[in-house]
Amino acid sequence: RRTTVGIIGAGPAGLLLARLLHRSGIDCVVLESRDRDYVERRQRAGILEQATVDALRAGGAGERMDREGLPHDGIELRFDRRAHRLDFPALTGGRRVMVYAQTEVVKDLIALQLADGPPLLFDARATAVEGAHTDRPVIRYLHHGTAHTLDCDYVVGCDGYHGVTRQAVPQSERRTYERGYPYSWLGVLAEVPPSSDELVYAHSERGFALLSMRTPAVSRLYLQVPNGTDPAAWPDERIWDELEARTAVDAPWKLRRGPITAKSVLPMRSSVTEPMRYGRVLLAGDAAHIVPPTGAKGLNLAVADVTVLARALDRLHRTGGAELLDAYSDTCLRRVWRAEHFSWFMTTTLHTAPGQTPFDTRLQRAQLDRIAGSPHAAAELAENYTGVPLP
Ligand code: FAD
Ligand code: DHB
């Protein structure tokens with residue numbers, strides 16, 4: 001089998017890239033190791049930047065998002081039993097975000113792809129990428145357990161943090177920069193309307209808490225927990241009590257409780273692999289970089305990468321010009337490192353590390369006070385949160 005662009009991984013990055021290439025008339029094949037049901041159910045991100053919303057529309061996947069997505073004009077920060085709202089449009093010259101779950105983005109893209117798109121194979125696990133420095137790189141894969149090869153002009157690894165594509169780049173040619181964190185998130189879904197109209201990010205000495213949502217009827221909630229926590233140690237009552245304690249303010253407000261339908265623990269890591277291109281092999285999304293979730297940048301970065309890449313491949317296809325493709329890694333890495341810094345900043349400012357001293361806690365509060373009190377500091381957060389426009 002052969003194709004122009006072989007795409008490994010049907011997460012948001014691989015699926016959107018396939019749609020954008022299809023629209024440019026570029027032939028591609030997507031290989032996904034899991035089955036469709038698994039990919040569509042995987043609970044992950046929920047906040048889309050304006051640039052992500054625009055990219056999904058450009059990929060033809062905006063219709064249901066525009067109907068069912070919830071535009072958000074701000075977030076609330078809570079610390080010291082006080083609440084401060086950040087007004088995004090006022091702070092950024094009109095930018096906002098959209099709440100629309102990654103599960104729904106993925107479902108929409110898969111439906112389009114299967115209806116009129118290039119091939120998307122489930123149960124197709126890439127085992128190796130060979131010949132990155134030749135004109136004809138090859139993907140070896142197992143489809144329902146049978147070995148196949150896909151000959152490509154270009155291979156794009158959209159196969160996430162645990163993918164195989166990165167290994168096609170010799171160790172001497174790549175460098176990974178990483179950092180771990182001494183805490184994880186317990187994430188739950190609950191069949192209860194959100195307790196506030198906007199997301200609540202709460203700093204407390206008991207640890208971080210985040211109140212988010214998926215729809216007007218479904219809440220998505222997160223609690224900082226120690227690394228290695230077993231979700232079974234958190235019965236529903238304990239989760240609600242802890243969320244309530246960490247988000248408490250000296251004002252009338254009540255946390256709505258309801259049936260919890262899913263519970264999982266997510267570890268946190270920052271990691272960037274450079275460069276994002278080697279010969280005819282390119283990396284995009286989590287395959288190249290991950291961020292801790294605080295600030296919701298992971299999905300947005302993945303979409304930004306493939307938007308830049310689709311434009312570069314379109315230019316190559318139409319004019320033979322390789323200058324955008326040659327600039328791909330540098331173009332993406334500037335945005336990636338900005339998001340790495342923001343995600344690290346949000347994470348370390350809002351969480352309470354084990355063994356954190358009262359001095360450290362005072363510094364965090366001073367920083368949060370600055371954001372609450374200064375439009376300049378607030379604008380810095382708001383610009384990063386709503387996302388810088390694509391170059
Ligand atoms: P992925 O979505 O990881 O997709 C990669 C795809 O490649 C997967 O479908 C995988 O099955 C497939 N694959 C892997 N190896 C192979 C192979 N060898 N062959 C074929 N296919 C392969 N971000 C937020 O903003 N907020 C959140 O709350 C949040 N929560 C998260 C929770 C978890 C558990 C994780 C892992 C991530 C979370 N993220 C969150 C980050 C965000 O979901 C990711 O940044 C986003 O999914 C990246 O998209 P992607 O397409 O690059 O990678
Ligand atoms: C969500 C996740 C985040 O990491 C975040 O900062 C905001 C919202 C969410 O899953 O809804």
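How do the residues of the shell around ligand 2 divide into nonpolar, polar and charged? There are six nonpolar, four polar and one charged. That small tally is a good way into this predicted model, and the rest of the report works outward from the ligands to the domains, the sheets and a few backbone details.

**Confidence**

Let us begin with the scores. The protein chain has an average pLDDT of 97, and 100% of its residues score at least 70. For the model as a whole, ipTM is 0.96 and pTM is 0.97.

**Two domains and the ligand between them**

The domain assignment splits the protein chain into domain 1 (2-70 + 98-180 + 269-347) and domain 2 (184-268 + 353-386). Their C-alpha centres are 29 Å apart. Where they touch, domain 1 supplies twelve residues and domain 2 supplies 13 residues. On the domain 1 side of this contact there are five nonpolar, five polar and two charged residues.

Back to ligand 2. Going along the chain, its surroundings include Ala45, Gly46 and Ile47, then Leu199, Leu210, Ser212 and Arg220, and finally Pro293, Thr294, Gly295 and Ala296. Why does ligand 2 lie between the domains? Both domain 1 and domain 2 give residues to its shell, so ligand 2 lies between them.

**The shell around ligand 1**

Ligand 1 has 31 residues around it. Which of them come nearest? They are Gly9, Gly11, Gly160, Gly285 and Gly298. Helix H1 (12-23), strand S9 (124-130) and helix H8 (298-319) are the elements that each give two or more residues to this shell. By class, the shell around ligand 1 holds 15 nonpolar, nine polar and seven charged residues.

**Two open sheets**

Strands of a sheet pair through backbone hydrogen bonds, in either a parallel or an antiparallel way. One open sheet here has three strands in the order S3-S7-S4, with antiparallel pairing. Strand S3 (47-49) and strand S4 (70-72) are its edges, each pairing on one side only. On average, neighbouring strands of this sheet are turned by 35 degrees against each other, direction ignored. Helix H3 (residues 50-58) lies across S3 and S7, and runs at about 85 degrees to S3.

Another open sheet of three strands follows the order S12-S18-S21, and its pairing is antiparallel as well. Here strand S12 (175-180) and strand S21 (289-290) are the edge strands, and each pairs on one side only. Helix H9 (residues 323-350) packs on this sheet and touches S18 and S21, with its direction at about 165 degrees to that of S18.

The table gathers three antiparallel strand pairs, each with one residue pair for orientation.

| Strand pair | Bridges | A residue pair |
|---|---|---|
| S4 and S7 (residues 97-99) | three bridges | Pro71 and Met98 |
| S5 (residues 74-79) and S6 (residues 82-87) | six bridges | Gly74 and Asp87 |
| S18 (residues 269-274) and S21 | two bridges | Val272 and His289 |

Reading across the rows, Met98 in S7 is the bridge partner of Pro71, while Gly74 stands opposite Asp87 in S6. In S21, His289 is the bridge partner of Val272.

**Backbone details worth a look**

The hairpin of S5 and S6 has two residues between the strands. Asp80 lies in the loop between S5 and S6. Is the phi of Asp80 positive or negative? Phi of Asp80 is near 55 degrees, a positive value in a residue other than glycine.

A second spot sits just after S18. The peptide bond from Glu274 to Pro275 is cis, with omega near -10 degrees. Pro275 belongs to the loop between S18 and strand S19 (277-278), and Glu274 falls within the range of S18, residues 269-274.

How values were computed:
Residues numbered from 1 in each chain as written. Chains lettered and ligands numbered in written order. Predicted model: local features only at pLDDT ≥ 70, side-chain atom pairs only at ≥ 80, totals over all residues. Near = placed C-beta within 6 Å. Nonpolar A, V, L, I, M, F, W, Y, C, P; charged D, E, K, R; others polar. Domains from an automatic or database assignment. Pairing = 2+ DSSP bridges. Helix = DSSP H or I, 4+ residues; strand = E, 2+ residues; numbered from the N terminus. Contact = placed C-beta atoms within 7 Å. Axes fitted to C-alpha atoms, helices over the stretch in contact; angles between N-to-C directions. pLDDT = per-residue confidence, 0-100.
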